[in-house]
Amino acid sequence: MDFWTVMVFLHLVAMAFFLGGQMMLAGTVVPVLRKSPDPEEMRGIARRFGAGSAIAIGVALLTGMLMASHYKLWDYGPFQVKMTLVVLTLASLLAHMKYPKVHALMGLTFVLTLATVWCGVNLYRR
């Protein structure tokens with residue numbers, strides 16, 4: 001196994017954590033805890049997921065930048081589309097952190113994350 005295989009693996013695991021965590025929260029945790037009278041439960045889960053997400057996003061950004069340089073993707077149009085989606089995803093995520101009660105922001109973050117992953121998968125078809 002070479003270094004770049006490890007980088008791709010780490011990148012995919014980080015994205016899986018971030019996207020999978022969003023799916024888990026939206027599909028199971030939020031519907032169950034929405035009925036709970038204690039909003040602190042939801043906040044605790046969100047904080048915990050937020051910490052893990054911050055690490056995952058950091059790993060994805062670092063490995064992504066390393067791979068983009070190694071594979072000379074910075075000037076490649078589809079990669080630039082992906083990077084635009086990454087920036088929009090991060091902006092949406094930061095807005096959601098500032099305004100957590102605006103649930104549409106989390107939905108937007110989820111859709112942007114899906115689009116980013118789709119673009120990333122299609123980069124390998126180059």
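This report describes the two largest pockets of a predicted model.

The largest pocket holds about 1,100 Å³ of space. Its lining is made up of 29 residues, and those nearest the centre of this pocket are M42, A46, H96, P100 and H103. Four helices each contribute at least two residues to the lining of the largest pocket: α1 (3–33), α2 (39–70), α3 (77–98) and α4 (103–123). Of these, α2 gives the most, with 10 residues. When the lining of the largest pocket is divided by class, 17 residues are nonpolar, 7 are polar and 5 are charged.

The second largest pocket contains about 670 Å³ of space. A total of 32 residues line the second largest pocket, and H11, G64, K82, M83 and G120 lie nearest its centre. Here too, α1, α2, α3 and α4 each supply at least two lining residues. The largest share of the lining of the second largest pocket comes from α3, which provides 8 residues. By class, this lining comprises 24 nonpolar, 6 polar and 2 charged residues.

The table sets out the volume and the lining of each pocket.

| Pocket | Volume | Lining | Classes in the lining |
|---|---|---|---|
| Largest pocket | about 1,100 Å³ | 29 residues | 17 nonpolar, 7 polar, 5 charged residues |
| Second largest pocket | about 670 Å³ | 32 residues | 24 nonpolar, 6 polar, 2 charged residues |

Methods
Residues numbered from 1 in each chain as written. Predicted model: local features only at pLDDT ≥ 70, side-chain atom pairs only at ≥ 80, totals over all residues. Heavy atoms only, no water. 1 Å grid on protein atoms, 1.4 Å probe; cavity = no way out; pocket = protein on both sides within 12 Å on 5 of 7 lines; lining within 4 Å. Points joined across faces, edges and corners; volume = space filled by probe spheres on them. Nonpolar A, V, L, I, M, F, W, Y, C, P; charged D, E, K, R; others polar.
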